Amino acid sequence: MKKGILLVVSGPSGVGKGTVIKQVLAAREHMYYSVSATTREMREGEVDGRDYDFMKKEDFLAMKAENGFLENAEFCGNYYGTPRKRVIEKLEKGIDVLLEIEVQGAMQVRASFPEAVLVFIAPPSLAELRRRLVDRKTETAEVIEKRLSTAIKEFACIDKYAYIVVNDIAENAAVHLSQIIESEKLRTERNMEYVKENLLL
Ligand code: 5GP
């Protein structure tokens, strides 16, 4: 059976990845969004098990020690990780999986799953990114500065991504991300089974 596509979406905090991804998932019935584990505080409006599996640091570290994460990283003082089991199960069943993770984690996925498709969602400019982070009003000024300097470091890895989607208007960015998924599905190497079964004598 054809394996699902492992789509890795990264982008700096405040770029609006969440909105773009929600639109893509709403338009695609069969894509599985991997809920990450994190040790950070829950934000207002977030739901445990839907936005993240919120974990205590010791539980996170225990799961990491048991190789329970496909990738994991420390980001701005908190731990984040992708629970391995459910992602592998979906891919094996042919279901496409979307990971929304930061750059260090994306590089780990790239190393262990060379077939993963890496997409970077970028802001139109740094000034616009700062404006979006300030407008979001979920972080203190200190945290905003930390996230901005992290963003600048993340841009250094952008050449490791197969695609860049500039999020000027979320609807446009969502269309571009969907187009990437559609194109990836048409890659020859993903369709060799069809070729063997239908086109070769
Ligand atoms: P936030 O705290 O704003 O929800 O997320 C901070 C950063 O952590 C974002 O860049 C987000 O994509 C990333 N992130 C969320 N889940 C994971 C994960 O499972 N692994 C990694 N490496 N990064 C994650």
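In the predicted model, the side chains of Arg190 and Glu184 meet in a salt bridge, with an N to O distance of 3.2 Å; the term denotes a side-chain nitrogen of Lys or Arg within 4 Å of a carboxyl oxygen of Asp or Glu. Arg190 is buried, at a relative accessible area of 16%, and Glu184 is likewise classed as buried, at 4%. Burial refers to a relative accessible area under 20%, exposure to one over 50%, and partly exposed to values in between (1.4 Å probe, protein chains only). Salt bridges with shared partners connect Arg43, Arg136, Glu139 and Arg147 into one network. Within this network, the closest N and O atoms of Glu139 and Arg147 are 4.0 Å apart. Glu139 is buried, with a relative accessible area of 15%, and Arg147 is buried at 8%.

The salt bridge between Lys85 and Glu89 has its closest N and O atoms 3.4 Å apart. These two residues lie about one helical turn from each other because they are four residues apart in helix α3 (residues 84–92). Lys85 is exposed, with a relative accessible area of 63%, whereas Glu89 is partly exposed at 39%. The count of salt bridges comes to 18.

Residues are numbered from 1 along each chain as its sequence is written. Because the model is predicted, local features need pLDDT of at least 70 and side-chain atom pairs count only at pLDDT 80 or more, while totals for chains, interfaces and linings use all residues; side-chain values use heavy atoms, with hydrogens and water left out.

Five strands form an open sheet in the order β2-β7-β1-β8-β9, with parallel pairing. Its edge strands, each pairing on one side only, are β2 (31–33) and β9 (163–166). From one strand to the next, the twist averages 25°. Helices (H or I, at least four residues) and strands (E, at least two) are DSSP runs, numbered from the N terminus, and two strands are taken to pair if DSSP finds at least two bridges between them. Strands of a sheet pair through backbone hydrogen bonds, in either a parallel or an antiparallel arrangement.

Within the five-stranded sheet, three bridges join β2 to β7 in parallel, and Tyr32 stands opposite Val97 in β7. β1 and β7 are also paired in the parallel sense, over four bridges; here Val97 in β7 is the bridge partner of Leu6. Four of the five residues of β7 are buried, so this strand is largely enclosed by the rest of the structure. Strand β8 (residues 117–122) is joined to β9 by four bridges, and the two run parallel. Ala122 has Val166 in β9 as its bridge partner.

Helix α7 (residues 170–185) lies across β1 (6–10), β2, β7 (96–100), β8 and β9, and runs at about 160° to β9. Axes are lines fitted to C-alpha atoms, for helices over the stretch in contact, and angles run from 0 to 180 degrees between N-to-C directions. Contact means heavy atoms within 4.5 Å. Met107 is located in helix α4 (residues 103–112). When residues up to four places away in sequence are not counted, Met107 touches Leu118, Lys160 and Tyr161. The C-alpha atoms of Met107 and Leu129 are separated by 23 Å, the two residues being 22 apart along the chain.

A further open sheet is made of four strands in the order β4-β3-β6-β5, with mixed pairing. β4 (52–54) and β5 (69–75) are its edge strands, each of which pairs on one side only. The twist in this sheet averages 25° from one strand to the next. β5 and strand β6 (residues 78–83) pair in the antiparallel sense over six bridges, and the bridge partner of Asn72 is Gly81 in β6.

On the surface, Tyr194, Leu199 and Leu200 make a nonpolar patch of about 330 Å². Patches consist of residues with over 30% relative accessible area and no salt bridge; like charges are joined within 9 Å and nonpolar side chains (Val, Leu, Ile, Met, Phe, Trp, Tyr) within 5 Å. Accessible areas come from the Shrake-Rupley method with a 1.4 Å probe, and for residues only the protein chains shown count as cover. Leu200 lies in the segment after α8 (192–198) and is exposed, with a relative accessible area of 51%.
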